Amino acid sequence: MSAPLERIKPVRNSVLPSQTTPEQRFWRSYKTPLLVKEHGSITHINFCPSGTHDFAVTSGARVQIFSARTRQVLRTIARFKDTAYSGEFRPDGKLLVAGDATGLIQVFDTKSRSILVTLSPTNQAVHVTKFHPKTLTTLLSGSDDQTLRLWDITSSEPTSVFKSHTDYIRAASFLSSSSDNVVTGCYDGLIRIFDPRTPDEPTLSLLHGAPVEATLPLTGTTILSSGGPCVKVWDLVAGKMVKELGNFQKTVTSLHTGGNSGSPSGANAVLAGGLDGHVKVFDTATWEVKFGWKFGDAVLATASSPDQKHFVTGLSSGVLSIRTRKTEPRVKQGVKQTKSGNFARMIRGAEYKGDKEHQILIDDERRSRRKKLRLFERHLNAFRWREALDAAFVPGMAPELTVTVLDELKRRGKVRISLSGRDEGQLEPLIKWAVRNIDDFRNVEVVADWMACVSGMYATVIEKSPVLDELVSELRRKLTRQIEIAREARQLEGMLEMLIQSH
């Protein structure tokens with residue numbers, strides 16, 4: 001009994017490097033933008049840390065709470081006498097605090113919108129209000145009277161007052177969830193770290209060099225500050241700047257962490273938005289720009305949800321851009337769900353495939369069926385070499401299969417036999433294929449072998465045929481160009497090696 005013929009295995013070309021990185025693919029997945037026009041510039045965006053992660057948008061004389069599920073307005077808090085600032089959720093999501101241009105600080109119930117606490121420490125604008133990440137009754141406020149205050153919302157008097165600033169306070173936050181230390185950014189160009197136990201003088205002062213618009217504590221020892229067209233990274237232990245990010249043309253107004261999970265770099269992503277209309281994503285491991293968006297107006301606020309489902313940007317023109325990323329389905333594809341009710345009774349027994357012995361017979365019968373051979377495989381099995389070569393260039397043939405046929409004929413030593421006895425029309429498909437594929441480095445060896453045989457066997461035919469002569473000339477021009485590119489790449493590689501060695 002003769003052994004069955006083995007099918008020819010198609011050539012598998014090496015996979016080319018991807019043109020996009022995992023970070024780019026992740027941030028590009030924020031699609032389906034929703035644009036909402038507000039009455040005034042959007043100065044602050046804050047996501048609720050708990051629950052469904054609804055987000056508060058501060059614009060004009062009101063704070064609107066948007067639903068994270070429907071992206072529609074759930075509640076509107078408009079109980080302000082003037083422009084509202086810094087609408088922030090408490091970590092449990094039950095309360096929301098905001099200041100306004102009259103110096104009033106109000107704490108609202110997010111469900112009923114009723115005012116629970118009213119504080120009036122100054123008659124100048126309060127631009128910063130923020131709850132403590134862990135202590136739910138502790139509140140932080142910073143205003144244009146150059147004073148930072150710590151509050152216990154159960155009392156009408158501040159627990160600590162910090163008066164070391166010499167200009168407007170535009171940024172303030174708690175250094176970490178396990179500490180009461182406060183970091184502030186001021187228009188006098190200084191970043192200050194305060195300990196509430198010694199509020200008279202800051203424990204550390206850092207010179208940013210421009211009016212500070214935003215601060216962002218990353219860890220207990222690392223903070224970011226933005227002011228002017230740059231973002232600076234500070235090491236609090238060493239008390240110095242470790243990195244300056246000058247990727248913007250205008251003032252950077254907003255800093256925000258990329259989220260808690262889901263990103264290819266985990267939580268190591270920082271969003272920075274500026275007046276030049278750009279929002280850029282930085283990787284905190286290398287501080288390189290991984291992605292970015294360009295908006296039509298100046299960016300005043302930007303934020304992403306803790307579950308990384310929404311990316312929201314507020315512009316100076318009053319346009320709110322809400323981008324949503326498609327999340328994983330609740331039930332994975334291919335996983336069968338349990339059926340119940342009338343439908344389950346109706347299809348009962350539909351998945352029964354018979355007893356085990358019958359299944360084995362059916363499976364054996366399926367395995368015994370031979371797949372249909374391709375045209376070039378039938379010619380190769382019948383030793384019809386010329387016909388097999390012609391079948392490699394039929395319309396619709398995959399490039400990998402064409403290379404498979406040419407390699408197989410070369411492996412069997414039938415190159416000259418398959419090329420013999422051909423005229424101009426029968427040589428043209430092979431030469432055209434060579435012209436198209438000489439640019440692909442994966443096919444250079446195959447093209448070189450076959451064209452060497454063609455030029456040796458049919459030199460006189462090519463000289464007499466204008467069509468073939470033009471194709472060979474085009475092949476020569478492409479080959480010369482590829483040689484020049486390789487030479488230039490080699491020279492560039494040498495120059496880079498010299499630069500690396502010099503440093």
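Gln146 occupies the loop that runs between strand E11 (138–143) and strand E12 (148–152). In this predicted model, Gln146 has a positive phi of about 65 degrees although it is not a glycine. The protein as a whole has 11 helices and 28 strands, and 43% of its 503 residues are buried. The points below take up the backbone, one buried acidic residue, the salt bridges, and the surface.

**Backbone conformation in two loops**

- Most residues other than glycine have a negative phi.
- Gln146 departs from that sign, with phi about 65 degrees, and at 30% relative accessibility it counts as partly exposed.
- Gln308 likewise is a residue other than glycine with a positive phi, in this case near 60 degrees.
- Gln308 sits in the loop between strand E26 (299–304) and strand E27 (310–315).
- Gln308 has a relative accessible area of 0% and is therefore buried, whereas Gln146 is partly exposed.

**A buried aspartate without a salt bridge**

- Asp276 is located in the loop between strand E23 (269–274) and strand E24 (278–283).
- Although buried, Asp276 has no salt bridge.
- The nearest side chain of opposite charge to Asp276 is that of Lys280, 5.4 Å away; a salt bridge would require the side-chain nitrogen to be within 4 Å of a carboxyl oxygen.
- A polar atom of the Asp276 side chain lies 3.2 Å from the backbone nitrogen of His278.
- Beyond neighbours within four places in sequence, the contacts of Asp276 are Phe248, Gln249, Lys250 and Lys294.

**Salt bridges**

- The model contains 20 salt bridges.
- One of them pairs Arg62 with Glu38, whose closest N and O atoms are 3.0 Å apart.
- That pair links distant parts of the chain, 24 residues apart: Arg62 belongs to strand E4 (residues 62–66), and Glu38 to the loop between strand E1 (30–37) and strand E2 (42–47).
- Glu38 has a relative accessibility of 4% and so counts as buried.
- Arg374 and Glu377 also meet through their side chains in a salt bridge, with an N to O distance of 3.9 Å.
- The two partners fall into separate accessibility classes: Arg374 is partly exposed, with a relative accessible area of 33%, while Glu377 counts as buried at 2%.
- A further salt bridge joins the side chains of Lys478 and Asp439 at 3.5 Å, N to O.
- Because Lys478 lies in helix H11 and Asp439 in the loop between helix H8 (424–437) and helix H9 (444–457), this pair ties together parts that are 39 residues apart in sequence.
- Both residues of this bridge are partly exposed, Lys478 at 22% relative accessibility and Asp439 with a relative accessible area of 39%.
- Glu408, Arg411 and Arg412 are joined into one network by salt bridges that share partners.

**Surface and the C-terminal helix**

- The accessible surface of the protein is about 27,500 Å², and 52% of it belongs to carbon and sulfur atoms.
- Leu492, Met495, Leu496 and Leu499 make up a nonpolar patch on the surface, and together they have about 390 Å² of accessible area.
- Met495, one member of this patch, is part of helix H11 (residues 466–502).
- Met495 has a relative accessibility of 48% and so counts as partly exposed.
- Helix H11 also holds Lys478, the partner of Asp439.

**Proximity of residues separated in sequence**

- Of the contacts in the protein between residues at least 6 apart in sequence, 46% join residues at least 24 apart.
- Arg25 and Phe291 are 266 residues apart along the chain, yet their C-alpha atoms are separated by 9.4 Å.
- Arg25 is found in helix H1 (residues 22–28), where it is partly exposed, with a relative accessible area of 42%.

Definitions and conventions
Residues numbered from 1 in each chain as written. Predicted model: local features only at pLDDT ≥ 70, side-chain atom pairs only at ≥ 80, totals over all residues. Heavy atoms only, no water. Helix = DSSP H or I, 4+ residues; strand = E, 2+ residues; numbered from the N terminus. Buried < 20%, exposed > 50% of the residue type's maximum accessible area, 1.4 Å probe, protein only. Lys, Arg positive; Asp, Glu negative; His and termini not counted. Polar contact = N/O pair within 3.5 Å; in protein donor to acceptor, adjacent residues only side chain to side chain. Contact = heavy atoms within 4.5 Å. Areas by Shrake-Rupley, 256 points an atom, 1.4 Å probe, with all protein chains shown as cover. Patch = residues over 30% accessible without salt bridge, like charges linked within 9 Å, V, L, I, M, F, W, Y side chains within 5 Å.
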